[in-house]
Amino acid sequence: MSIVIFGSINMDMIAQTPHLPQPGETVIGDHFITLPGGKGANQAVATAKLGRLTYFVGRVGGDSFGRELLKRLETLKINTQGVFIDQKTFSGVAMINVETSGENTIIVIPGANGNIDESDITRLEKILSKTSLLLLQLEIPLAAVEMAAREAKELGVTVMLDPAPAPEKLPDRLYPLIDIITPNQNEAEKLVGFPLDNEEEIKKAANVLLKKGVKIVVIKLGDKGAFYATDKEQDFVPAIKVKTMDTVGAGDGFNGGIAAALDRGLCLKEALKWGTIVGALTTTKEGAQTALPDLDVVHSLLLSDNSSV
């Protein structure tokens with residue numbers, strides 16, 4: 001089958017610095033680079049590099065960034081026929097500060113991503129029937145995300161939502177349209193309205209989301225791994241140890257790994273292994289798309305003891 005990603009595409013402007021600035025503080029950085037990004041495009045690159053036929057639906061502006069971003073996707077053989085070039089605005093950008101430890105802060109300016117509307121859903125509909133899974137994020141208008149999820153549900157396509165950046169609340173009507181939701185710990189706390197400071201609270205949060213209508217909940221816990229829950233089982237998934245350089249794109253790698261594995265017909269537990277490996281490997285290199293691993297690297301870890309890299 002194949003995967004379609006409906007979401008954002010940005011140019012990432014990354015500054016590396018010894019520590020992240022506090023309000024009112026000026027910090028002298030060490031390095032600056034521009035790299036293709038956006039949560040939607042990152043996830044499309046992740047699934048394509050893992051050997052899956054990948055479609056991307058979204059918008060870029062009529063600027064040099066837009067041309068460069070599309071060229072990058074096409075180089076990876078991602079189908080971009082569903083991408084609209086919006087000549088009335090600029091392409092989305094993300095301003096990313098990364099400190100030596102790998103922690104980061106990100107400011108996203110949506111640009112063309114913010115103009116996504118029903119016309120983009122029309123382009124998406126033409127692709128959905130060819131795919132097994134629709135992967136969504138929240139860097140595009142929520143109304144478009146909901147329309148896309150509804151269309152996919154009607155066609156029997158699996159809907160996977162990465163609720164990032166997390167709003168204070170998602171509409172209750174959206175949850176039953178979601179097969180798999182993958183918040184990180186902070187995003188899960190926003191969605192359920194209480195802190196996740198221990199295992200019991202993590203389990204409670206997953207059950208809250210299940211009761212809202214989601215079929216599978218996966219809570220990303222960073223270097224502590226992940227927790228998953230369905231109406232039949234729940235468990236923690238251990239992380240693998242890596243030397244972290246940059247956490248940008250790790251969550252997108254995790255989601256792409258899960259989607260690619262499910263598209264291959266693997267079970268949920270195997271898919272979570274893929275997600276854990278891809279997410280961890282993404283932190284070992286600079287950037288997001290440039291750091292995402294190829295299929296052969298993931299396979300080699302799956303065949304070995306992957307407790308550390």
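Strand S6 is mostly covered in this predicted model: of its 8 residues, 6 are buried. The strand covers residues 92–99 and is joined by 6 bridges to S7, with the two running antiparallel. Two of the facing pairs can be picked out by eye. Met 95 stands opposite Ile 107 in S7, and Val 93 stands opposite Ile 109 in S7. S6 and S7 also make up a hairpin, with 4 residues between them. In that turn sits Gly 102, which has a positive phi of about 105°.

On its other pairing, S6 meets S2, and here the two strands run parallel, joined by 8 bridges. Val 93 turns up again at this pairing, as the residue in S6 that Met 11 stands opposite. In general, the strands of a sheet pair through backbone hydrogen bonds, and the pairing can be parallel or antiparallel.

Put together, these strands belong to an open sheet of 4 strands, in the order S3-S2-S6-S7, and the pairing is mixed. The edges are taken by strand S3 (31–37) and strand S7 (104–109); each has a single partner strand, so one side of each is left without a neighbour in the sheet. Direction ignored, neighbouring strands of this sheet are turned by 20° against each other on average.

Helix H2, made of residues 64–75, packs on the sheet. The helix touches S3, S6 and strand S2 (10–17), and its direction makes about 95° with that of S2. Leu 73 is a good residue to look for in helix H2. With a relative accessibility of 1%, Leu 73 counts as buried, because the cut-off for that is under 20%. Leaving aside residues up to four places away in sequence, Leu 73 touches Ile 9, Ala 41, Val 45, Phe 56, Ile 78 and Thr 80. Two of the residues that Leu 73 touches, Ala 41 and Val 45, are themselves buried residues of H1. As for Thr 122, the C-alpha atoms of this residue and Leu 73 are 21 Å apart in space, with the two positions 49 residues apart in sequence.

Helix H1 (residues 39–49) is mostly covered too, and here the count is 11 buried residues of 11. Among them are residues with charged or polar names, including Lys 39, Asn 42, Gln 43 and Thr 47. After H1 comes Gly 51, whose phi is positive, near 85°.Lys 49, also in H1, is buried with a relative accessible area of 16%.

Salt bridges come next, and a search of the whole structure finds 18 of them. One of these brings together the side chains of Asp 294 and Lys 49, at 4.0 Å from N to O. Asp 294 lies in the loop between helix H8 (268–282) and helix H9 (295–302), while Lys 49 is in helix H1, so the pair ties together parts that are 245 residues apart in sequence. Unlike buried Lys 49, Asp 294 is partly exposed, with a relative accessible area of 39%.

Helix H3, residues 118–128, holds Arg 123. This arginine forms a salt bridge with Asp 120, and the closest N and O atoms are 2.3 Å apart. Both residues lie in helix H3, 3 residues apart, or about one turn of the helix. Both Asp 120 and Arg 123 are buried; for Arg 123 the relative accessibility is 19%. Not counting residues up to four places away in sequence, Arg 123 touches Gly 58, Arg 59, Gly 82 and Phe 84.

A pair with the same spacing sits in helix H6 (residues 199–211), where Glu 200 and Lys 203 are 3 residues apart, separated by about one helical turn. Their side chains meet in a salt bridge of 4.0 Å, N to O. Glu 200 counts as exposed at 56% relative accessibility, and Lys 203 is partly exposed, with a relative accessible area of 24%. Back at Arg 123, salt bridges that share partners join this residue with Arg 59, Asp 86, Asp 117 and Asp 120 into one network.

Terms used: Residues numbered from 1 in each chain as written. Predicted model: local features only at pLDDT ≥ 70, side-chain atom pairs only at ≥ 80, totals over all residues. Heavy atoms only, no water. Pairing = 2+ DSSP bridges. Axes fitted to C-alpha atoms, helices over the stretch in contact; angles between N-to-C directions. Contact = heavy atoms within 4.5 Å. Buried < 20%, exposed > 50% of the residue type's maximum accessible area, 1.4 Å probe, protein only.
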